[in-house]
Amino acid sequence: QLHESTLPPPPSKAEIARKAALQRVEEVVGVLSILSTSSSIGQQRISFTLPTVLEKLRDSFKTPMSKEEGATCVRLLASEIAPDWVKIVKMGKVEALVVNRDEKHGEEDIRERVRRAA
């Protein structure tokens with residue numbers, strides 16, 4: 001009992017969800033890169049509603065991604081991993097994901113940022 005009392009508390013549900021999302025960020029970056037380049041010829045910035053992005057993410061992977069996990073990944077990208085590349089903007093009741101194509105990071109840079117955030 002003494003040993004158990006010295007152990008750190010188990011991770012919260014939010015911490016577990018964050019770690020799971022961090023493991024899938026690179027996959028999400030790939031999908032966002034394709035989405036932002038395929039539909040924005042000549043545009044520096046392109047935006048999608050958040051529900052549209054989450055639907056595309058869900059449909060893009062062999063291992064399905066829930067909307068919650070997708071939202072966590074996108075929010076991590078926008079807040080910690082690549083806020084200069086991806087932003088979440090609220091317009092009324094709708095949230096949109098704005099991708100700045102000129103600020104896209106390389107794979108190694110994303111990997112390093114994910115490692116630091118973990």
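These exercises work through a predicted model of one protein chain.

**Exercise 1. The chain as a whole**

Task: Find how many helices and strands the protein chain has, and in which order the elements run.

Solution.
- Step 1. Count the elements. The protein chain has 5 helices and 3 strands.
- Step 2. Start at the N terminus and read along. The order is α-α-β-α-α-β-β-α.
- Step 3. Look at the extent. The C-alpha trace spans about 65 × 30 × 30 Å along its principal axes.
- Step 4. Look at burial. Of the 118 residues in the protein chain, 34% are buried.
- Step 5. Look at the contacts. Take those between residues at least 6 apart in sequence: 64% of them join residues at least 24 apart.

**Exercise 2. The sheet**

Task: Work out the order of the strands in the sheet, and state which strands stand at the edges.

Solution.
- Step 1. Trace the pairing. The open sheet has 3 strands in the order S1-S3-S2, and the pairing is antiparallel.
- Step 2. Find the edges. S1 and S2 (86-91) each have a single partner strand, so one side of each is left without a neighbour in the sheet.
- Step 3. Add the twist. From one strand to the next, the twist averages 30 degrees.
- Step 4. Count the bridges. S1 and S3 are joined by 5 bridges. S2 and S3 pair over 6 bridges.
- Step 5. Pick out Val 99 in S3. Ile 46 stands opposite Val 99. Val 86 stands opposite Val 99 too.
- Step 6. Go to the hairpin of S2 and S3. There are 2 residues between the strands, and Gly 92 takes a positive phi near 65 degrees. Met 91 has Val 94 of S3 as its bridge partner.

Recall the general rule: strands of a sheet pair through backbone hydrogen bonds, either parallel or antiparallel.

**Exercise 3. The two sides of H3**

Task: Explain why the buried residues Leu 50, Val 53, Leu 54 and Leu 57 of H3 lie on the same side of the helix.

Solution.
- Step 1. List the residues. Leu 50, Val 53, Leu 54 and Leu 57 are buried in H3, which covers residues 50-60.
- Step 2. Check the arc. These residues cover only 95 degrees around the axis, which puts them on the same side of H3.
- Step 3. Bring in the general rule. An α-helix has 3.6 residues a turn, so residues three or four places apart point the same way.
- Step 4. Turn the helix over. Pro 51 and Asp 59 are exposed on the face of H3 turned away from its buried side.
- Step 5. Find the packing partners. The buried residues of H3 pack against H2 (13-38), S1 (45-49), H4 (67-81) and S3 (94-100).

**Exercise 4. Helices on the sheet and beside each other**

Task: Describe how H2 and H4 lie on the sheet, then decide whether H2 and H5 are roughly parallel or antiparallel.

Solution.
- Step 1. Place H2. This helix lies across S1, S2 and S3, and runs at about 115 degrees to S1.
- Step 2. Place H4. It packs on the sheet and touches S2 and S3, with its direction at about 105 degrees to that of S2.
- Step 3. See what is buried in H4. Among the buried residues are Cys 73, Val 74, Leu 76 and Leu 77. Their cover includes H2, H3, S2, S3 and H5 (107-117).
- Step 4. Compare H2 with H5. Their axes come within 10 Å and cross at roughly 175 degrees.
- Step 5. Apply the cut-off. Angles over 145 degrees count as roughly antiparallel. H2 and H5 are therefore roughly antiparallel to each other.
- Step 6. Name the contact residues. H2 supplies Arg 18, Leu 22, Val 25, Glu 26 and Val 29, while H5 supplies Ile 110, Arg 111, Val 114 and Ala 117.

**Exercise 5. Ser 36 and Arg 101**

Task: Is Ser 36 buried or exposed, and which residues is it in contact with?

Solution.
- Step 1. Locate Ser 36. It sits in helix H2.
- Step 2. Use the cut-off. Buried means under 20% relative accessible area. Ser 36 has 2% relative accessibility, so it counts as buried.
- Step 3. Follow the side chain. It reaches the backbone oxygen of Ser 33 at 3.1 Å.
- Step 4. Leave aside neighbours within four places in sequence. Ser 36 is then in contact with Ile 46, Phe 48, Val 99 and Arg 101.
- Step 5. Follow up Arg 101. This residue lies in the loop between S3 and H5. Arg 101 is partly exposed, at 29% relative accessible area.
- Step 6. Relate Arg 101 to Glu 26. They are 75 residues apart in sequence, and 16 Å apart from C-alpha to C-alpha.

How values were computed: Residues numbered from 1 in each chain as written. Predicted model: local features only at pLDDT ≥ 70, side-chain atom pairs only at ≥ 80, totals over all residues. Heavy atoms only, no water. Buried < 20%, exposed > 50% of the residue type's maximum accessible area, 1.4 Å probe, protein only. Helix = DSSP H or I, 4+ residues; strand = E, 2+ residues; numbered from the N terminus. Arc of directions from axis to C-beta. Contact = heavy atoms within 4.5 Å. Polar contact = N/O pair within 3.5 Å; in protein donor to acceptor, adjacent residues only side chain to side chain. Pairing = 2+ DSSP bridges. Axes fitted to C-alpha atoms, helices over the stretch in contact; angles between N-to-C directions. Parallel < 35°, antiparallel > 145°, perpendicular 65-115°, else oblique.
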